[in-house]
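Subject: Structure handover

Hi there,

Here is the structure I promised to pass on to you. Have a look at it first, and my notes on what turned up follow straight after.

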Amino acid sequence: MVVGDDKIPTYDQAKAFFDYVGAKPGVLQAVDAFEIGNEPNQPFFWKGTAQQYVDLNLKAAWDALHPLGATIVGAGPTWD
C-alpha cells in the first residue's frame, strides 16, 4: 500500500491488499506482527482522519489477516 498518497483507500481496496498479502506463500511464517501504517498523525504518511485510518485500514487488515492467525498492531504515532 502506498504511503503519502493523496488518495485514501476504500475499505474494499485496503482489504483486497491485505488479502493479497495474506495469500503470499510463507508471509505469515515470516512476520511476527503486522504494523498497519506508520505515523498516521503525520500528513506525509496518512492524509485522512484518525477515524478513517481505523475504519478503512486497520479494520481491513484485521478482517483479512487476523483470521489467518496473524497479529495485527496499529501504527506508532510520533511524539509531536
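Tyr53 sits in helix α3, and in this predicted model Tyr53 counts as buried, with a relative accessibility of 9%. Setting aside neighbours within four places in sequence, Tyr53 is in contact with Ile36, Pro40, Trp46, Leu58, Gly74 and Ala75. One of those partners, Ala75, lies 22 residues from Tyr53 along the chain, and the C-alpha atoms of the two are separated by 9.6 Å.

Ile36 is worth following up from there. Not counting residues up to four places away in sequence, Ile36 touches Phe18, Tyr53, Asn57, Leu58, Ala61, Ile72, Val73, Gly74 and Ala75. Ile36 also belongs to the largest nonpolar core, which has 15 residues; the members that touch the most others are Phe18, Phe34, Ile36, Leu65 and Ile72. Three elements, α1, β1 (34-36) and α3, give two or more residues to this core. The biggest share comes from α3, with 5 residues. As a general point, nonpolar side chains tend to be buried together in soluble globular proteins.

Next, the helix pair. How do α1 and α3 pack? Their axes are 8 Å apart, at an angle of about 35°, and the crossing is right-handed. On the α1 side, the residues that meet α3 are Tyr11, Ala14, Lys15, Phe18, Asp19 and Gly22. Facing them in α3 are Asp55, Leu56, Asn57, Lys59, Ala60, Ala61, Asp63, Ala64 and Leu65. By type, the residues of this contact divide into 8 nonpolar, 2 polar and 5 charged. Phe18 and Leu65 appear in this contact as well as among the best-connected members of the core, those that touch the most others.

Asp55 is another residue of this contact. Asp55 is found in helix α3 and is partly exposed, at 37% relative accessibility. Tyr11 is 44 residues away from Asp55 along the chain, yet their C-alpha atoms are separated by 7.4 Å.

Now for the charged pairs. How many salt bridges does a search of the whole structure find? The search gives 2. In one of them, the side chains of Asp19 and Lys15 meet at 3.1 Å, N to O. Both residues are in helix α1 (residues 11-23), and because they are 4 residues apart, about one helical turn separates them. Asp19 is partly exposed, with a relative accessible area of 34%.

The other salt bridge joins Lys59 and Asp63, at 2.7 Å, N to O. These two lie in helix α3 (residues 50-65), again 4 residues apart, or about one turn of the helix. Are Lys59 and Asp63 buried or exposed? Lys59 counts as partly exposed at 42% relative accessibility, and Asp63 counts as partly exposed at 25%. The four residues in these two bridges, Lys15, Asp19, Lys59 and Asp63, also turn up in the contact of α1 with α3.

One last residue to look at is Phe45, in the loop between β1 and α3. Phe45 counts as partly exposed, at 23% relative accessibility; being buried would require a value under 20%. The C-alpha atoms of Phe45 and Asp6 are separated by 9.6 Å, with their positions 39 residues apart along the chain.

Happy to go through any of this with you.

Best wishes

How values were computed. Residues numbered from 1 in each chain as written. Predicted model: local features only at pLDDT ≥ 70, side-chain atom pairs only at ≥ 80, totals over all residues. Heavy atoms only, no water. Salt bridge = Lys/Arg side-chain N within 4 Å of Asp/Glu carboxyl O. Buried < 20%, exposed > 50% of the residue type's maximum accessible area, 1.4 Å probe, protein only. Axes fitted to C-alpha atoms, helices over the stretch in contact; angles between N-to-C directions. Left-handed = near helix turned anticlockwise from the far one by under 90°. Contact = heavy atoms within 4.5 Å. Nonpolar A, V, L, I, M, F, W, Y, C, P; charged D, E, K, R; others polar. Core = buried A, V, L, I, M, F, W, Y, C linked by side-chain atoms within 4.5 Å.
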